[in-house]
Amino acid sequence: MTDAILISRNRGALPEEVASLVEETGYALHWSDDPEAARKVAKGPDSLLILEAGWRRTRSGTCDALIDRCRHRQIPCLLFSADGENFPPAASEPPYGIVRDRHNLLEWSEKIALHRLLSWQARELKRMQNRLLARNEEQEEDLRSAALIQRSLLPSRMPNIPGMSFAWQFSPFEKIGGDLFNVLQVDEENVMAFLLDVSGHGISSAMVTVSVNQSLSTHTSQVVKKVFAEPPYYRLLSPAEVMCELAGEYPFDRFDKFFTIVYLLINIRTGVLSYSCAGHPPPLLLRKSGAIEWLDTGGGLIGLLDTGPYEEDRLVLEPGDRIFLYSDGLTDYSDFGGEPFGTERLVDALTRDGRSLQESCGSVLDELKAFGHDRPLQDDVSLLGMEFLGKK
């Protein structure tokens, strides 16, 4: 039961039949001649104030403050007169109006019914707001968890592999993105590296990223390495074969996502590099001699129909050659005028002489921020650099 508070000179100002109606409607009726005390009792839309108009006029300052509180706190207030006069101007009427005839039970009933309806609506609105707030908090927690999962898949440090040097940079978009890269030594002679970018943002993109990472694990699947019971006990799949395996595992109608990926194998003994690029921005090969090559052999992105067959290419690295894998969040990043960073600026940043591999990768992120005047990223930015050192 909720409270109805009668503010009047005396309790008898409200007819007995009206008082009975108020109580039968579900209120506990209380009388007070102290508006200041009533201000403390009135809590919200479930409360009801019944205020005598003539008494309000004689002590206007205190009662006007009470009516203002009703407006601000959405506390319904009914104004009545013991003599049928002394009503305020329409502009200063309290919420939910005035009862003109204090003996008219129908008028009282309509006003109180309106109050109860509006009170119910206010409670429902508050309940829905609380549910929405709880849901938003739950979604934010899910996003934070998914972001932590995605970040945990990124290498904390690159492997120490004789004959190779690695460096990387990653700047996440404010939302959860779908970038992922890694370098793994798959046997004594071969190193595998990949960089992928799942379409969209949010939890669904992050979960596909996690799944693809598991598919490219040398321990949990046979996408990278086929294992046999007899000698030689395993076979490394070629980059084109890996693309075909991924295309079979990740059709669009299964995940509602597609992704681009570049996958390569480097023989650290011979320097032979083989690769395939599935709809991904082509890696950049910077020869020690200064020559530039774009590694663009492959096929369409993973997840869409009829993007195969996938092709691969093979070339030989010389000591000092560098390969850079990157996501389109880097080259597509645009300044406030809409101009993209582009591949020319990327090449310029990476071909400056006298910089280590780590310094070259770091300079790209510095120049990206300077180019965009610190405009927020529009996507994840990933850059993975590798240098073939050869035998020492």
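Me: Is the crossing of H10 and H11 left-handed or right-handed?

Reply: Right-handed; the label goes with a near helix turned clockwise from the far one by less than a right angle, and anticlockwise would be left-handed. This is a predicted model, where local features need pLDDT of at least 70, side-chain atom pairs count only at pLDDT 80 or more, and totals for chains, interfaces and linings use all residues. Residues are numbered from 1 along each chain as its sequence is written, and side-chain values use heavy atoms, leaving out hydrogens and water.

Me: Why is H10 called oblique to H11?

Reply: Helix H10 (residues 342-350) packs on H11 at about 135 degrees, with the axes 9 Å apart. Angles under 35 degrees count as roughly parallel, over 145 as roughly antiparallel and 65 to 115 as roughly perpendicular, with the rest oblique, so H10 is oblique to H11.

Me: Which residues make that contact?

Reply: H10 brings Arg345, Leu346, Ala349 and Leu350, while H11 brings Ser360, Ser363, Val364, Glu367 and Phe371; contact means heavy atoms within 4.5 Å.

Me: What makes E6 and E14 edge strands?

Reply: The open sheet runs E6-E18-E17-E13-E14, with antiparallel pairing. Strand E6 (164-171) and strand E14 (292-294) each have a single partner strand, so one side of each lacks a neighbour in the sheet.

Me: How do you know that E13 pairs with E17?

Reply: Pairing takes at least two DSSP bridges between the strands. Three bridges join E13 (residues 284-286) to E17 (residues 322-326), so the two count as paired. Leucine 285 stands opposite isoleucine 323 in E17.

Notes. Helix = DSSP H or I, 4+ residues; strand = E, 2+ residues; numbered from the N terminus. Axes fitted to C-alpha atoms, helices over the stretch in contact; angles between N-to-C directions.
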